[in-house]
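User: Please take a close look at the side-chain contacts in this model, with the charged groups first and the rings after them. I would like one connected account that I can follow with the structure open beside me.

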Amino acid sequence: LAAVPRIHGGVEVADLRLRLLDTKPDYLFPAGRLVFDGSRGEFRDFVGRPAKGEGRIEVSGFVAAETATQLAYDVQVRAENLPYIYEDIFNAPDIDAEIALRSTPTGGLLKGSARLSRALAEPELIDLTAPSLPPPPAAVQNPFLEHMELDVFVDVRDLRVNNELADLRLEGGVTAYGTFYKPRF
């Protein structure tokens, strides 16, 4: 058996800028630390905000080496009044969320809830000028996500959907469960 790595010390983060896929705004973490004491590292003072607008996002929890090749983790993300914009299609100016990413004996679990308030979706349903797209390439599955279980509830308050066919206002909730590659709703 290989020995569990022992790490003492920490990693300081200053002026970290995080961007998720094609979304806006970026999220700024002016300071934060990952402090190690043996085989476990804890997130401390890891508080951020959007580059534009109001809101707050905080990361807490730990990562730990259980064996030389296996990590245990329990990372929580809490967001308050956080904006999220995806291209010109979706704008959610106010998201509150409590999400946890935890290791399990079979892989991982993404669990929590999110509330979207006053969001606007403007999906374009028909685009006669768009060129036809080639079929997407075969997806290469990420080993980390392959066994990731989902248990996330999304509460939607006052979602406006506006496109060339309809102008709707929606409210409701949905739970995503199953696995990352085979989600169910």
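Analyst: Arg78 counts as partly exposed, because its relative accessibility is 41% (buried means under 20% relative accessible area, exposed over 50% and partly exposed in between, with a 1.4 Å probe and protein chains only). The model is a predicted one, in which local features need pLDDT of at least 70 and side-chain atom pairs count only at pLDDT 80 or more, while totals for chains, interfaces and linings use all residues. Residues are numbered from 1 along each chain as its sequence is written, and side-chain values use heavy atoms, with hydrogens and water left out.

The side chain of Arg78 meets that of Glu98 in a salt bridge, with 3.2 Å from N to O (a side-chain nitrogen of Lys or Arg within 4 Å of a carboxyl oxygen of Asp or Glu). Because Arg78 lies in strand S6 (residues 71-86) and Glu98 in strand S7 (residues 90-104), this pair ties together parts that are 20 residues apart in sequence; strands are DSSP runs (E, at least two residues), numbered from the N terminus. Glu98 is itself partly exposed, since its relative accessible area is 46%.

The count of salt bridges comes to 13, and among them are two that involve Asp26. Arg17 and Asp26 meet through their side chains at 3.0 Å, N to O, and Asp26 also forms a salt bridge with Arg19, where the closest N and O atoms are 2.9 Å apart. Arg17, Arg19 and Asp26 are thereby linked in a network of salt bridges. The members of this network fall into separate accessibility classes: Asp26 counts as buried because its relative accessibility is 13%, Arg19 counts as partly exposed because its value is 46%, and Arg17 counts as exposed because its value is 52%.

Leu20 is found in the loop between strand S1 (7-18) and strand S2 (23-24), and it counts as partly exposed because its relative accessibility is 42%.

Turning to the rings, the count comes to five aromatic pairs (rings of Phe, Tyr and Trp, the last by its six-membered ring, with centres within 6.5 Å; planes under 30 degrees apart count as stacked, over 60 as edge-to-face and the rest as tilted). The ring centres of Phe29 and Phe46 are 5.2 Å apart and their planes stand at 40°, so this pair is tilted. Phe29 lies in strand S3 (residues 27-38) and Phe46 in strand S4 (residues 40-50), so the pair ties together parts that are 17 residues apart in sequence. Phe29 and Phe46 are both buried, and ring pairs link Phe29, Phe43 and Phe46 into a cluster.

One contact brings a charge and a ring together: the charged end of Arg40 sits over the ring of Phe62, 3.8 Å from the ring centre (NZ of Lys or CZ of Arg within 6 Å of the ring centre and within 35 degrees of the ring normal).

Rings also appear in the strand pairing further along the chain. Strand S10 (residues 148-162) pairs with strand S11 (residues 167-179) in the antiparallel sense over twelve bridges (pairing needs at least two DSSP bridges between the strands), and S10 and S11 form a hairpin with four residues between them. Phe153 has Thr175 in S11 as its bridge partner. S11 is also joined by two bridges to strand S12 (residues 183-184), with which it runs antiparallel, and Tyr177 stands opposite Arg184 in S12. Three residues lie between S11 and S12 in the hairpin that they form.
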